[in-house]
Amino acid sequence: MCATDSAVGQSAAAHSNTTTTSSIQVPVIDAGSCFAPDGPQPSAELSRQIREACEQWGFFQLINHGVSPAYLQRQHEASGTFFSLPLDLKLQCKRSADNARGYFNDELTKQVLDLKEGFDFGHKPHPELPDDHPHNRTLDGCNRWPGGQDDFKAIMTEYYEEMARVSFRLLEIMCMGLGLPPTALHHFFQGAHTSFLRLNYYPPVSAQQAQQQLKLGINPHKDAGFLTVLVQDDVPGLQVYHDRQWHTVQPIPGAFVINVGDMCQVLTNDKFNAPLHRVVAPAGRERYSAPFFFNPAYAANHESLECCIDTDHPRAYRTLNWGDFRSKRFQGDYADVGEEVQIEHYRLSDPSG
Ligand SMILES: O=C(O)CCC(=O)C(=O)O
Ligand SMILES: [Fe+2]
């Protein structure tokens, strides 16, 4: 990608090949259908639960959200159809150094090759113009689609819009949890958010391979944007690092898995933490997931919010421009360019700052 960040400052255990099982679980929150288009207003109790999950884990699952399961099912089926296309067709829309969007099977996370395939597409500023029109070339590049797969494009575009709607609602609930008006942070996103949808396909490794050595579909990383809304199928693999252990995010049919990203950590002055996570390559079965990375406008400058600063929590970061951060990050995901930029470089106590 990736919208990912590095594991600087994390203990060696976070990089070990061992998986620890634990009885504590990523929080599961009932949203009371408030993500349905005509659903009820989110309650203060929901915003409290989400705030606590963001403070304690930076990860949670949202059930009973109210988004029609048909969207999720259509997306899942279309993703399966895409990844089963012949490789030469997929390679026709392969991403390149100057265009972060399209198909890829050579992603590096922290300069280590991931065991997976993926497909990215994102915000198109002028939907009425062709994808490759100069006006639709963004900092991330422009969308490219596999030839002759109009249904795939239509289903994914519809799904993207639905995830954007869900993300705006989540943003509002998070603001409520911080004691802000629900729309207090809209200006970071509205009209020009640079979100993108990623489809992930993890081919199975043999049970024998998995036993010999832990194989990772995605290496440990943090997501760089504001938040991520992910759906996974019924094959476990996603793990979050919490309290010095890796915890599997157990698949729950139809649930959204939400995690905090770097920009949210900067805005909240470390009150909400972007958690380290990874994917264990599935043994014996393939696995699919679809993260929607809810990203601010390129021009958005991030400074910690006044409501998150006090004498015990002084301002932790220098101003960080999202477009600048994002483009530096993509260079590191596409090719091994040495140490990647990360939010720690913007920490006011960072001597290199
Ligand atoms: O596949 C998953 O469950 C997680 C994917 C992920 O973390 C990512 O694409 O950044
Ligand atoms: Fe991620």
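UniProt positions are given here in the numbering used for this model, feature names are shortened, and annotations may be inferred rather than shown by experiment. Under the name "domain: Fe2OG dioxygenase", an unreviewed UniProt entry lists residues 193-296. This is a predicted model, in which local features need pLDDT of at least 70 and side-chain atom pairs count only at pLDDT 80 or more, while totals for chains, interfaces and linings use all residues. Residues are numbered from 1 along each chain as its sequence is written, and chains are lettered from A and ligands numbered from 1 in the order in which they are written.

Helices (H or I, at least four residues) and strands (E, at least two) are DSSP runs, numbered from the N terminus. Over residues 193-296 the chain is 12% helix and 45% strand, with the end C-alpha atoms 5 Å apart.

An open sheet of eight strands runs in the order β2-β3-β13-β10-β15-β8-β7-β4 with mixed pairing, where two strands pair if DSSP finds at least two bridges between them. Its edge strands, β2 (28-30) and β4 (102-104), each pair on one side only, and the twist averages 25° from one strand to the next. Within the sheet, β3 (residues 59-63) and β13 (residues 256-260) pair in the antiparallel sense over four bridges, and Phe 60 stands opposite Ile 258 in β13.

Two helices lie across strands of this kind, as tabulated below; contact requires C-beta atoms, placed from the backbone, within 7 Å, and axes are lines fitted to C-alpha atoms, for helices over the stretch in contact, with angles from 0 to 180 degrees between N-to-C directions.

| Helix | Strands crossed | Angle |
|---|---|---|
| α1 (residues 44-56) | β2, β3 and β13 | about 165° to β2 |
| α4 (residues 150-177) | β7 (117-122), β8, β10, β13 and β15 | about 130° to β10 |

Around ligand 1 there are 13 residues, of which Asn 200, Leu 238, Val 279, Ser 289 and Pro 291 come nearest; a residue is near a molecule if its C-beta atom, placed from the backbone, lies within 6 Å of it. At least two residues of this shell come from each of β8 (196-202), β9 (216-223), β10 (227-232), β14 (277-280) and β15 (287-294). By class, the shell has six nonpolar, five polar and two charged residues, with Ala, Val, Leu, Ile, Met, Phe, Trp, Tyr, Cys and Pro counted as nonpolar, Asp, Glu, Lys and Arg as charged, and the others, Gly among them, as polar.

Ser 33, in the loop between β2 and α1, has a positive phi of about 65° although it is not a glycine. Asn 64, in the loop between β3 and α2 (69-83), has a positive phi of about 50° and is not a glycine either.
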